[in-house]
Amino acid sequence: MALSGPNARDTLAGIQEQIALEIRLTAWADISAGEQKLFNAYIEDTLDDMAALKGWAWIQPDPFTFNTIAPYKTGTVSVTKGSKTVTGTSTLWTANVTADLSHFKVGDGAYRVDVVTNNTSIDLIQKFAEATASAQTYSIMQAEYELGSGVDFVKSIEEQKSPNPLTIITYDQLIEMFNANLWTQGAPRYAAMLGEDRSAAAGLQYLRCLLYPVPDDVYHMVVRYRSYATYPTTTFNLQPNLKGALMNGIMAKVWRYLGELDRSNECLAEYKRSLAVKAASQRANTRFRLGNQWTPVSSFPRGIEPWVPDRIDGT
């Protein structure tokens, strides 16, 4: 069975409806909530499988990107022990501080910013615990960043100019680093995820990324991720001749779950065949420089295996 329209399998909703038709139901809504969750996982797992099998990173959603914010240090501050209010002199906090995501640091203490009242006044979530002081240098840092809607499982985070991705660790491990090193600043090397994606239901927060060290400059961060399984506008970046492969990979899992092993094996065989055909086609159409001319890879001298990239970014 097939959905009408050439782009039916471009979106999560389209693939979900296709699954329903394949198992002889009228619509995705006819599938139980528990099985919907399971089948959504099959969709995501198959996309992961396809990307991993041939190194086709472009199968996954386009990366989410964000720029870090350099610490804000303009002016001086006055703080009072036991008070949540910080008063600034020659400060411009309204445009440079994000409540809930920023931390105020003076001396050894770091406090999350609760409210940005105006350019010269902020409130902290906790009361200031150190000695009262005036005309103090300070730093307002942003270590937390909200990721985009639809970002569910983060696979990797990297700084655009760095060859190495950040190490993803647990939130508790990262907090231990902050506490032990008094909010060290520098190029981020570690990341932890916290929160949930707000696209799933009203009231939930976007997934957040906590970076360590706290960014000391503007860094362009690239996040590769698995899309949120219930986010209805998810679009899959698939070439047309791989849409059938995706559907077969999903249905191999669905039929196995339903106990239809023969159908599962048929879909799995077709899934593998489609990927092999695509890989062979990609290889045959790739050309390399040999002497003074470009030559198809299929014409490479016998016994010598050329290296062919699975993706060319154009950069």
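Let's start with Arg273, which is partly exposed in this predicted model, at a relative accessible area of 44%. Its partner is Glu270: the two side chains meet in a salt bridge, at 2.6 Å from N to O. Glu270 is partly exposed as well, with a relative accessible area of 29%. Where does this pair sit? Both residues belong to helix α6, residues 261–284, and because they are three residues apart there, about one helical turn separates them.

As a reminder for everyone, side chains of opposite charge can pair when their charged atoms come close. How many salt bridges does the count come to? The count is seven.

Now please turn to Asp100, where two more pairs come together. Here is the pair with Arg112: the side chains of Arg112 and Asp100 form a salt bridge at 3.9 Å, N to O. The cut-off is 4 Å, so this pair falls within it. Arg112 lies in strand β5, residues 109–118, while Asp100 is in the loop between α3 (93–96) and β4 (102–106), so the bridge ties together parts twelve residues apart in sequence.

Arg208 also forms a salt bridge with Asp100, and here the closest N and O atoms are 2.6 Å apart. This pair links distant parts of the chain, with Arg208 in strand β14, residues 208–212, and Asp100 in the loop between α3 and β4, 108 residues apart.

Is each partner buried or exposed? Arg208 counts as buried, at 7% relative accessibility, whereas Asp100 is partly exposed, with a relative accessible area of 26%. Under 20% is what we call buried, so Arg208 meets that cut-off and Asp100 does not.

If you step back from Asp100, you can follow a network of salt bridges that links Asp100, Arg112, Glu144, Glu146 and Arg208.

Last stop, friends: Thr46, in helix α2, residues 33–54. Thr46 is buried, with a relative accessible area of 0%. What does its side chain reach? One partner is the backbone oxygen of Tyr42, at 2.8 Å from the Thr46 side chain. There is also a polar contact of 3.3 Å between the side chains of Thr46 and Lys253.

And which residues does Thr46 touch, once we leave aside its neighbours within four places in sequence? Those in contact are Leu246, Gly249, Ile250, Lys253 and Tyr271. So Lys253 shows up in both views, because it is in that contact set and shares the 3.3 Å polar contact with Thr46.

That's my tour; over to you for discussion.

How values were computed. Residues numbered from 1 in each chain as written. Predicted model: local features only at pLDDT ≥ 70, side-chain atom pairs only at ≥ 80, totals over all residues. Heavy atoms only, no water. Helix = DSSP H or I, 4+ residues; strand = E, 2+ residues; numbered from the N terminus. Buried < 20%, exposed > 50% of the residue type's maximum accessible area, 1.4 Å probe, protein only. Polar contact = N/O pair within 3.5 Å; in protein donor to acceptor, adjacent residues only side chain to side chain. Contact = heavy atoms within 4.5 Å.
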